[in-house]
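Visitor: I am new to this structure and should like to examine a single part of it closely. Please take me through its sheet, strand by strand, and then through the side chains that deserve attention.

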Amino acid sequence: MKLTWARTACSHPALSGISRAHFGELFAELADPWEAARQSTLRVARGGERKRAAGAGRKPKLVLYDRLLLTLVHLRHQLPHEVLGELFDVDRSTASAAIRQVRPLLAARGFAVPDRPGVRLRTLADVFAYAEAEAVELRLDGAETQVRRPQTDRPGRRAFVSGKRKQNTIKTTTFSDGQGRMLLSGVVRPGRMHDQTAVRTEGIAEQFRLHPSVKSQADAGYAGLAKEFPDQVTAPPKKPKDDACDGDKRAWHEARRRQSSARICIEHTNAELRQWAPLRRFTGSRDTYAETQLAIASLVSDRSARRPTRRRTSTDLVLVRDRT
C-alpha cells in the first residue's frame with residue numbers, strides 16, 4: 001500500500017517536474033536501454049551467460065517505473081536519498097543505487113529538436129549542423145551553479161572559485177534558438193574559467209569556421225568571439241567614451257537595447273533550468289554534476305521543443321523594417 005501511495009504522489013508534476021504524459025513517454029523510451037544495461041551488468045557479475053531460467057532468483061524491490069520516478073523526484077527537489085528511501089519503503093542504499101542506474105540513461109538522451117520528433121542533438125557539432133540546415137540564429141550564454149568547496153589539500157582547489165560570484169561554482173554553457181528553446185546545455189567547466197574560454201576549449205571557433213552561415217547572439221562575455229567572427233557573432237556594442245556627443249550615446253543605448261532584446265530569450269532558457277533544485281545549488285559530489293546537469297537539461301529540452309514555432313507576421317516585418 002505504501003509503494004502505491006508513493007507512486008501516486010510522486011508522479012504528480014509538482015514532485016516529478018514533468019507531466020504524467022511526458023513521464024509515460026520517457027518510461028517507454030528508457031525501457032530498452034535500461035534492460036540492456038541491466039543485463040550487461042548481470043553478465044559481468046556472473047562472469048558469463050545466465051545459468052537459471054529468466055524470472056528465477058530474488059525479485060527487485062523497485063521496478064524501472066519506481067526507479068525512474070524516484071530519480072525524477074531527486075533531480076527536481078534534491079531530496080536526500082534517505083528521504084526517498086522512506087517514501088518508497090526501501091533502504092537508503094537502494095534509493096542511491098536507483099539514482100546511479102537511471103541518471104546516466106537520462107543524461108545520454110541528448111536534446112530535443114523543435115518540430116523534429118525523434119531527432120536529438122548531443123554535441124556542439126550537431127547544434128551547428130542543425131542551425132545551418134534550418135537557418136536558425138543561435139543564442140548562447142553561460143550559467144554558474146554553486147557547489148561544495150573542495151577539500152583544503154585537494155589539487156586544483158582554486159579552479160572552482162568564480163571571480164564573478166566569489167563562490168565555488170561549476171560553469172555551463174547553454175545554446176537555444178531565437179524563441180529560447182534549448183538546443184544544448186553542457187560544456188561543464190570549473191567556475192574560475194571565463195565563459196568564452198569554456199566554449200573555445202569545446203571547439204566553438206572551429207564550428208563557426210566550418211559553418212560560415214550560422215549566426216549567434218551573445219553577451220559581452222563573448223566579445224572576443226564577436227571580434228574574431230564579426231559577420232557571425234553579435235555582442236553588445238562598445239560603450240562610447242565619456243566625452244562622446246549625445247547622439248553617439250543615444251545610438252549606443254538604442255543598439256544595446258536591440259541586441260539585449262534579441263538575446264534575452266537565452267536568459268529565460270537558463271531560468272527554466274534553475275527551476276530544478278540541483279542547478280540552483282548543487283549539494284552532491286562535484287564528480288556527478290555534469291551527469292546531473294545533462295539529465296535535467298534533456299528533460300527541460302523536451303518541454304521547450306513542444307512550444308510551437310512562432311512564424312513572422314506582416315506586423316513583425318513592418319517592425320523590423322522600422323528598426324532598420
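Guide: The account below begins with the whole chain, turns to the sheet, and ends with some side chains and aromatic rings.

The model is predicted, so local features are given only at pLDDT of at least 70 and side-chain atom pairs only at pLDDT 80 or more, while totals for chains, interfaces and linings use all residues. Numbering starts from 1 along each chain as its sequence is written, and side-chain values rest on heavy atoms, with hydrogens and water left out.

The chain holds 13 helices and seven strands; these are DSSP runs numbered from the N terminus, a helix being H or I with at least four residues and a strand being E with at least two. Along the principal axes, its C-alpha atoms fill a box of roughly 80 × 55 × 40 Å. Of the 324 residues, 42% are buried; that word means under 20% relative accessible area, exposed means over 50%, and partly exposed lies in between, with a 1.4 Å probe and protein chains only. Among contacts with a separation of 6 or more, 66% are between residues 24 or more positions apart, a contact being heavy atoms within 4.5 Å.

The sheet is open and has five strands in the order E5-E4-E3-E6-E7, with mixed pairing. Two strands pair if DSSP finds at least two bridges between them. The edges are formed by E5 (182-190) and E7, each of which pairs on one side only. E5 is joined to E4 by six bridges in the antiparallel sense, and across this pairing Ile 170 stands opposite Pro 190 in E5. E4 is in turn joined to E3 by eight bridges, again antiparallel; here Gly 142 has Thr 173 in E4 as its bridge partner. On to E6 (residues 216-217), E3 has two bridges, and these strands run parallel. There Leu 138 is matched with Ser 216 in E6.

How many of the nine residues of E3 are buried? Eight are, so E3 is mostly covered. One residue of this strand is Arg 139, which counts as buried because its relative accessible area is 7%. A polar atom of the Arg 139 side chain lies 3.0 Å from the backbone oxygen of Glu 137. Beyond residues up to four places away in sequence, Arg 139 touches Thr 174, Phe 175, Ser 176 and Asp 177, among others. Its further partners include Ser 216, Gln 217, Arg 263 and Cys 265.

Another arginine provides a contrast. Arg 158 lies in the loop between E3 (138-146) and E4 (169-176), and it is exposed, since its relative accessible area is 60%. From Lys 249 it is separated by 91 residues in sequence and by 40 Å in space, C-alpha to C-alpha.

The nonpolar interior comes next. In soluble globular proteins, nonpolar side chains tend to be buried together. The largest nonpolar core here has 65 residues, of which Leu 106 and Ile 204 touch the most other members; such a core is a set of buried Ala, Val, Leu, Ile, Met, Phe, Trp, Tyr and Cys residues joined through side-chain atoms within 4.5 Å. Leaving aside neighbours within four places in sequence, the contacts of Ile 204 include Leu 124, Phe 128, Leu 140 and Phe 175.

Last come the rings. Rings of Phe, Tyr and Trp (its six-membered ring) pair if their centres lie within 6.5 Å; planes under 30 degrees apart are stacked, over 60 edge-to-face, and the rest tilted. By this rule there are five aromatic pairs. One of them, Phe 23 with Tyr 65, is edge-to-face, at 5.1 Å centre to centre and 80° between the planes. This pair links distant parts of the chain, with Phe 23 in helix H3 (residues 20-46) and Tyr 65 in helix H4 (residues 64-77), 42 residues apart. Phe 23 is buried because its relative accessibility is 6%, whereas Tyr 65, at 29%, is partly exposed. Phe 208 and Phe 229 have ring centres 5.3 Å apart and planes at 35°, so their pair is tilted.

Methods: A polar contact is a pair of N or O atoms within 3.5 Å; within protein, one must be able to donate a hydrogen and the other to accept it, and residues adjacent in sequence count only if both atoms are side-chain atoms.
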